[in-house]
Structure formats: C-alpha cells, structure tokens
Amino acid sequence: MTATLAERNARILELAEKGLSFREIGETIGCSRNVVAGIVNRKLGDARRAARAAKKPPPPQQIDRNPDGCRWIDGDPRQKGEWSFCGAPCVPGYPWCEDHRRRVYAPRERAA
Ligand SMILES: [Zn+2]
C-alpha cells in the first residue's frame, strides 16, 4: 500500500493525538523518529495555535426538549448550559412564538 505524504502525515498526527510516542509512531508508520517529531511538532503546533485562535462554539444540542416549541434562544448559545429555547407554542408556519416572531420580523414590518 502506498500512501501519499499528506496521508502519512495525517496518520502520524492521528497517532500522536492518541498519545503514542514519536518512536512508536515511527515504527508504526515506517519512518524515523526524527521525521515523526518534525511533522508532529510543526503540524500540531499549527493546529493548537489555530484552536486557541478560534474557539469553536459547541454544536447545537439538547434542542429537542420541546421540538414543536419556539426556537428563540434565551441566553448565549456559546455559554454551555446557560441558554435554552423559549419553547412557547409556535405561530403556525413559524419556528417562533408570537412574541418572538414579532421580534424577528419587527424591523421589516415597521419598514413596510
Ligand atoms: Zn418564544
């Protein structure tokens, strides 16, 4: 089996994430410890810097406590556990209750 350089590097990084030592990774992949160390230090360093720079918001979750209810979010979705959906009965045809539908559409309706 031949792997491209990118595939090999990806595999090295995958093993490094699992906590294998550079020597173990080198034996698994079939290259020297120094090659592994170079790739891991360079790429993982980039990845860590990128991760620090852009803290990912958590994916939407626990959203179906009331799947038919208003989808207006109370609180800040980026703060884990500090928000919830409004959950009030929706206006037919809208994902929001009357109150929140008005908030969403207010600027447009005012302009009209
Ligand atoms: Zn609502």
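This note goes through the confidence, fold and core of a predicted model of one protein chain.

1. On confidence, the mean pLDDT of the protein chain is 81, with 80% of its residues reaching 70 or more. Helix α2 has the highest confidence, at a mean of 94, whereas helix α4 (residues 98–111) has the lowest, at 77. As a general caution, predicted coordinates should not be read in detail where pLDDT is low.

2. The secondary structure of the protein chain comes to four helices and two strands, and these follow one another along the sequence in the pattern α-α-α-β-β-α.

3. Helix α1 can be checked against its expected length: at 1.5 Å a residue its 13 residues should span 18 Å, and because its end C-alpha atoms are 18 Å apart, the two values agree. After α1 comes G19, a residue with a positive phi near 100°.

4. The largest nonpolar core has six residues, namely I12, A16, F22, I25, V36 and I39. At least two residues of this core come from each of α1 (5–17), α2 (22–29) and α3 (33–53). In general terms, nonpolar side chains in soluble globular proteins tend to be buried together.

5. Within that core, I25 deserves a separate look: leaving aside residues up to four places away in sequence, I25 touches I12, L15, A16, L20 and V36.

6. Is A37, a residue of helix α3, buried or partly exposed? A37 has 17 other C-beta atoms within 10 Å, and because a residue needs 20 or more to be buried and 12 or fewer to be exposed, A37 is classed as partly exposed. From A37 to A16 the C-alpha to C-alpha distance is 9.6 Å, across a sequence separation of 21 residues.

7. For the chain as a whole, 10% of the 112 residues count as buried. Among contacts with a separation of 6 or more, 22% are between residues 24 or more positions apart.

Methods. Residues are numbered from 1 along each chain as its sequence is written. A nonpolar core is a set of buried Ala, Val, Leu, Ile, Met, Phe, Trp, Tyr and Cys residues joined through C-beta atoms within 7 Å. Two residues are in contact if their C-beta atoms, placed from the backbone, lie within 7 Å. pLDDT is the predictor's confidence in each residue, from 0 to 100. The expected span of a helix is 1.5 Å times one less than its number of residues.
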